Amino acid sequence: MAASTETTAGNPPSENPLGRLREAFNRLSAQQKIAFAVAIAAIIAVVVGSVLWSQQPEWKVLFSNLNEKDGGNIIAALEQQNIPHRMSPTGAILLPAERVHEVRLKLASQGLPRGGMVGFELMENQKFGISQFAEQVNYQRGLEGELARTVMSIGAVQSARVHLAIPKPSVFVREDQKPTASVMLNLYPGRHLDGAQIAGITHLVSSSVPQLQSGNVSIIDQDGSLLSSLKNKLTEAGLDATQLKYVRELETGIVRRIEDILQPVLGPDNYKVQVAADIDFSQSEQTAETYRPNNSPESTIVRSRQNNETASVNAAPAGGVPGALTNQPPVPATAPLTSPATGAQPANGRQANAGAPGQIDAAGVTAPLNAAGQPISTSKNATINYELDKTVRYTKQGMGEVRRLTAAVVVNHRRELDAKSGKEVNKPLAEAEMKQINDLVREATTPNCRSGRTRTMLSWVAN
């Protein structure tokens, strides 16, 4: 016990933690010491790397999918402003995350990126003394760029180019030419344009250029397919996507209505319904104008009335010795040739004559007596115009009339328990049930058909 006490006292244990670690390290073998040193170095490397990585800025995409011209202009603008940037392997421009929005606004104020085309900003820096031809060319380039930018806003279009052929105006009608346009579309992979979108692009371009007709706009895609001719062929053939969609919606609505009626009767999953609709998309207009015979003169309405009464007197030929003495007006006669009129006496005591003394009055014409050497001719004309009984009827037949509906219903056999064998067997529906289902389907489809021509076919099959 005493020897043990002396040994402990001669080599006392270290109370310092670092000393204890040193003692524990000294007790390790050479291989353990090397492994321990490698572990310590790896831990230090990880810590240092984490600190350095946390101090580096986060890089985000500024712009991607840029053409060479826009990419070079953006890089030059960033280097001019001493903005740190990087290029990703995919060609995108990377910037520190905290400066992405700021740099985008600055570049937008400079008109970057331009998308490989110029718009009406080309007209902002016009030089003094520029010719009219150069000004017209710049205007046409700006209009083409603006149209291409507008077309590129469509979701399926990746890029677009527009070419306008605007002829010079001419004072001669025979030499007047209409402008034309060509549109080149580069669509995203797997995307396509339907007829409505092609028609929209066509009307957009034609409405932006004066006197440009929609038929003079040609549209092609990156494969060289003429999309505008495809739209025209479909339109001329009478095929319209909206009409086909209307037919499908009508058939789907009728099928849903029939299923709602048959489900309480037959149960779910015991029937199948298909409906075919024959739709008339033709549109006609008719104007009819009908005249009925006039009624009795008492009930008709007079539009206009005209009375004409004329009288002529043949004058006696001139006679006597030529001169001033013979060319004198005739002297009125002192007594009338007619017999005196009988009746009441005037107030002055004289009898009333048929005409003035020495004159004759006939058919509203008063002539001297000596001029009435020949008989007097008179004529009377009366014209009366009546209103006509006219009826104008304007009839316009709308599109989408249902000419015929055909419904096919397939019904499963009914499963019943056989009294003899005690097993379930399939039995067809009775005639009364078949007639009931037929009537239900017919009533469900008849209101959709204006002409009432419906056809229903029912079939029964076993499971």
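What covers the buried residues of α5? That is a handy way into this structure, which is a predicted model.

1. **Helix α5 and its cover.** The cover over the buried residues of α5 includes β1 (59–63), α4 (68–80) and β3 (93–96). The helix itself runs over residues 100–109, and its buried residues are V100, V103 and L107. These sit on the same side of α5, because the arc they cover around the axis is only 70°. The spacing makes sense: an α-helix has 3.6 residues a turn, so residues three or four places apart point the same way.

2. **The other side of α5.** Turn the helix round and you meet H101, L105, A108 and S109, which are exposed. Just after α5 comes G111, with a positive phi of about 80°.

3. **The largest nonpolar core.** This one has 22 residues, and those touching the most other members are L164, V183, L185, L193, V205, V217 and I219. At least two residues each come from α6 (132–152), β4 (157–165), β5 (180–187), α7 (195–208) and β6 (217–220). Another core, of 21 residues, lies apart from it; I258, V273, V402 and A444 are among its members. As background, nonpolar side chains in soluble globular proteins tend to be buried together.

4. **I219 up close.** If you want one core residue to click on, try I219. Setting aside neighbours within four places in sequence, I219 is in contact with V183, L185, I198, I201, T202, S225, L226, L227 and S228. Two of the names there, V183 and L185, also appear among the core residues that touch the most other members.

5. **A nonpolar patch on the surface.** Not everything nonpolar is tucked away. F25, F36, I40, I43, I44, V47, V48, V51 and L52 make up a surface patch, and together they have about 780 Å² of accessible area. Helix α3 (residues 30–55) gives the largest share, eight residues. Take I43, which lies in that helix: its relative accessible area is 51%, so I43 counts as exposed, the cut-off being over 50%.

6. **Two loop residues with positive phi.** Most residues other than glycine have a negative phi, so a couple of exceptions are worth a look. Q211, in the loop between α7 and β6, has a phi near 65°. D269, in the loop between α9 (241–266) and β7 (271–280), has a phi near 60°. Both sit in the open: Q211 is exposed at 53% relative accessibility, and D269 is exposed at 72%.

Note on methods. Residues numbered from 1 in each chain as written. Heavy atoms only, no water. Patch = residues over 30% accessible without salt bridge, like charges linked within 9 Å, V, L, I, M, F, W, Y side chains within 5 Å. Areas by Shrake-Rupley, 256 points an atom, 1.4 Å probe, with all protein chains shown as cover. Salt bridge = Lys/Arg side-chain N within 4 Å of Asp/Glu carboxyl O. Helix = DSSP H or I, 4+ residues; strand = E, 2+ residues; numbered from the N terminus. Buried < 20%, exposed > 50% of the residue type's maximum accessible area, 1.4 Å probe, protein only. Core = buried A, V, L, I, M, F, W, Y, C linked by side-chain atoms within 4.5 Å. Contact = heavy atoms within 4.5 Å. Arc of directions from axis to C-beta.
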